[in-house]
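User: I should like to learn how individual features of a protein model are read. Could we take them one at a time, beginning with a charged side chain?

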Amino acid sequence: MQLTLWTYEAPPHVGAMRIATAMNGLHYVLHAPQGDTYADLLFTMIERLDRRPPVTYSTFQARDLGGDTAQLFQTAVKEAYERFRPEAILVGASCTAELIQDDPGGLARALALPVPVIPLELPAYQRKENWGASETFYRLVRALAGPQAPPPGEKRPGRKAATAPSCNILGPTALGFRHRDDVFEVTRLLERLGVEVHRVAPLGARPGDIARLGDADFNVVLYPEVAETAARWLERSFGQPWTKTVPIGVGATRDFIAEVAALADLDPTPLLSGQDCRLPWYSRSVDSNYFTGKRVFIFGDATHALAAARIADQELGFKVVGLGTYSREFARSLREAAKGYGVEALITDDYLEVEARVAELQPELVLGTQMERHIAKRLGIGCAVISSPVHVQDFPARYSPQMGFEGANVIFDTWVHPLVMGLEEHLLAMFRDDFEFHDGAIPSHLGVSTAEGDERRTTLPSAALSETSAVTWEEDAEEELRKVPFFVRGKARRNTERFALDQGLAIISIETLYDAKAHFGR
């Protein structure tokens, strides 16, 4: 175990909460002490849901440890059933309650409730949130759909003539990165292709919907971290194939349409020829030449990191200089992809390792989670968020998918804007001495300058200050450095100071600046 200020994933019981909160008619009874009820805030404050998660806590206290905590849990289960009347109940223990080994599953079964009770065993000290969500969804599917499974060896009956092919969409949860909008976009694609969406799960599903998953012809897996285990079980038990392509980006969306068409025995040509996406044109336009070859570092969950690397490399002409994930269960897939880009994969859940890699590589754009946003800000690098964990601003009220052709448009805007703003800052820097744009000038739309405003505008940002006190910059060298675009100015300063120290120079002149540029440009 490691003490840290921040983590990419919560304990696995939070993953179970994401499944329960996504569904209707399901309740989760969690054996937990008072302090473990914090997870509610993730859904009400971060995702801004209009309801509390359907979770009841046993909330035992320190003084209860000398008594019967098992009875406390059974009371919590009975009261939850009587109050909420759910169609099914999940039971489990938080990371703290796991230590007292009260067996929530056995205690709940002993109550003989008239609804299915699904026990969860989530090892909090070996696994994390996404695994917890995956395991919870798998246990739900197996418990509720299992009784409808055909006997082993029995072939799946063919689809009736004149019946549209149908599929389930698996994987979207509560607290997922743009899951709500992704489902809408993918559903629209499937319907245009001629495929009927039978069920979406777990998002918006009821326990009865889970029981009928086996009726569909195949499954569409949008988020392998959550749904792949359940999809594999459905394939073994019901003979349902499942999609392997996640439709993030133009190329992946086209591959996804072709894969679905093959499973459904449909012609994808009309949909592929009539795609409504502006990313390919924008990325080929003269305006986008500025972005070609930009160095990008990518980190997030495996699904979004792999998709982002493909888009960056094949669709936007960026150069992938770093690729990583905190999803250890998908480390092999990410390592294989990293080899194709000629980089070493970073598999870690330690944000300090990620920060060190970003500082070492000095990319021009970082694509990552909420934490990479903070890292990039400290290092003065542009950043766009592509993956959970995220903060409230990445749960927009507007329609903002990541998947499908419209998702590709959203991705283009999101990724390119930090670089465009960098270009604008550079242009402003070029006109620094212009009568209207110099550092001391107040913006014309703000009216008359004030002393406070002038002082604020003439103060250099902290990122521009030297981190090395062993060398001194001459005034004309500082003036020359200001001509470097702001988003790489920090790197230029650090490289020059490192070069000066290596050469034993205490003062940096213009000649030193250009010597350093030539040295690092080899």
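Analyst: This is a predicted model. A suitable case is Glu9, which is buried yet forms no salt bridge. The nearest side chain of opposite charge is that of Lys128, 5.9 Å away. A salt bridge requires a side-chain nitrogen of Lys or Arg within 4 Å of a carboxyl oxygen of Asp or Glu, so the pair does not qualify.

User: Where is Glu9 placed, and which residues is it in contact with beyond its neighbours within four places in sequence?

Analyst: Glu9 belongs to the segment before α1, a helix that spans residues 12-22. Leaving aside neighbours within four places in sequence, its contacts are Lys128, Glu129, Asn130 and Tyr326. With Asn130 there is a specific polar approach: a polar atom of the Glu9 side chain lies 2.9 Å from the backbone nitrogen of Asn130.

User: What is the overall make-up of the protein in helices and strands, and what share of its residues is buried?

Analyst: The secondary structure comprises 20 helices and 14 strands. Of the 522 residues, 52% are buried. The accessible surface amounts to about 25000 Å², and carbon and sulfur atoms contribute 52% of that area. As for contacts with a separation of 6 or more, 72% of them join residues 24 or more positions apart.

User: How should the two faces of a strand be read, and which residues lie on each side of β12?

Analyst: The general idea is that side chains in a regular strand alternate between the two faces of the sheet. In strand β12, residues 382-385, Gly382 and Ala384 lie on one side, with Cys383 and Val385 on the other. All four are buried, so both faces of β12 are covered.

User: In which sense does β12 pair with β11, and which residue of β12 stands opposite Leu367?

Analyst: Strand β11, residues 365-368, pairs with β12 in the parallel sense over 4 bridges. Leu367 stands opposite Ala384, one of the buried residues of β12.

User: Is Leu513 buried or exposed, and in which helix does it lie?

Analyst: Leu513 lies in helix α20, residues 510-520. The cut-off for burial is under 20% relative accessible area; Leu513 has 9% and therefore counts as buried. Beyond its neighbours within four places in sequence, Leu513 is in contact with Trp473, Ala477, Glu480, Leu481, Thr496 and Ile508. Leu481 is 32 residues away along the chain, yet the C-alpha atoms of Leu513 and Leu481 are separated by 8.0 Å.

User: Let us turn to the backbone. Where is the cis peptide bond that involves Pro202, and where is the one that involves Pro389?

Analyst: The value to read is omega. The bond joining Ala201 and Pro202 is cis, with omega about 0°, and Pro202 sits in the loop between β6 (196-201) and α7 (207-211). The bond from Ser388 to Pro389 is also cis, with omega near 0°. Pro389 is in the loop between β12 and α16 (404-430).

User: What is the phi of Gln101, and what is that of Asp265?

Analyst: Gln101 has a phi near 55°, a positive value in a residue other than glycine. For Asp265, likewise not a glycine, phi is about 60°. Gln101 is found in the loop between β3 (88-93) and α4 (104-109), whereas Asp265 is in the loop between α9 (250-264) and α10 (269-273).

User: Why do Gln101 and Asp265 count as exposed?

Analyst: The threshold for exposure is over 50% relative accessible area. Gln101 counts as exposed because its relative accessibility is 71%. Asp265 is exposed because its relative accessible area is 69%.

How values were computed. Residues are numbered from 1 along each chain as its sequence is written. This is a predicted model: local features need pLDDT of at least 70, side-chain atom pairs count only at pLDDT 80 or more; totals for chains, interfaces and linings use all residues. Side-chain values use heavy atoms; hydrogens and water are left out. Buried means under 20% relative accessible area, exposed over 50%, partly exposed in between (1.4 Å probe, protein chains only). Lys and Arg count as positive and Asp and Glu as negative; His and the chain ends are not counted. A polar contact is a pair of N or O atoms within 3.5 Å; within protein, one must be able to donate a hydrogen and the other to accept it, and residues adjacent in sequence count only if both atoms are side-chain atoms. Contact means heavy atoms within 4.5 Å. Accessible areas come from the Shrake-Rupley method with a 1.4 Å probe; for residues, only the protein chains shown count as cover. Two strands pair if DSSP finds at least two bridges between them.
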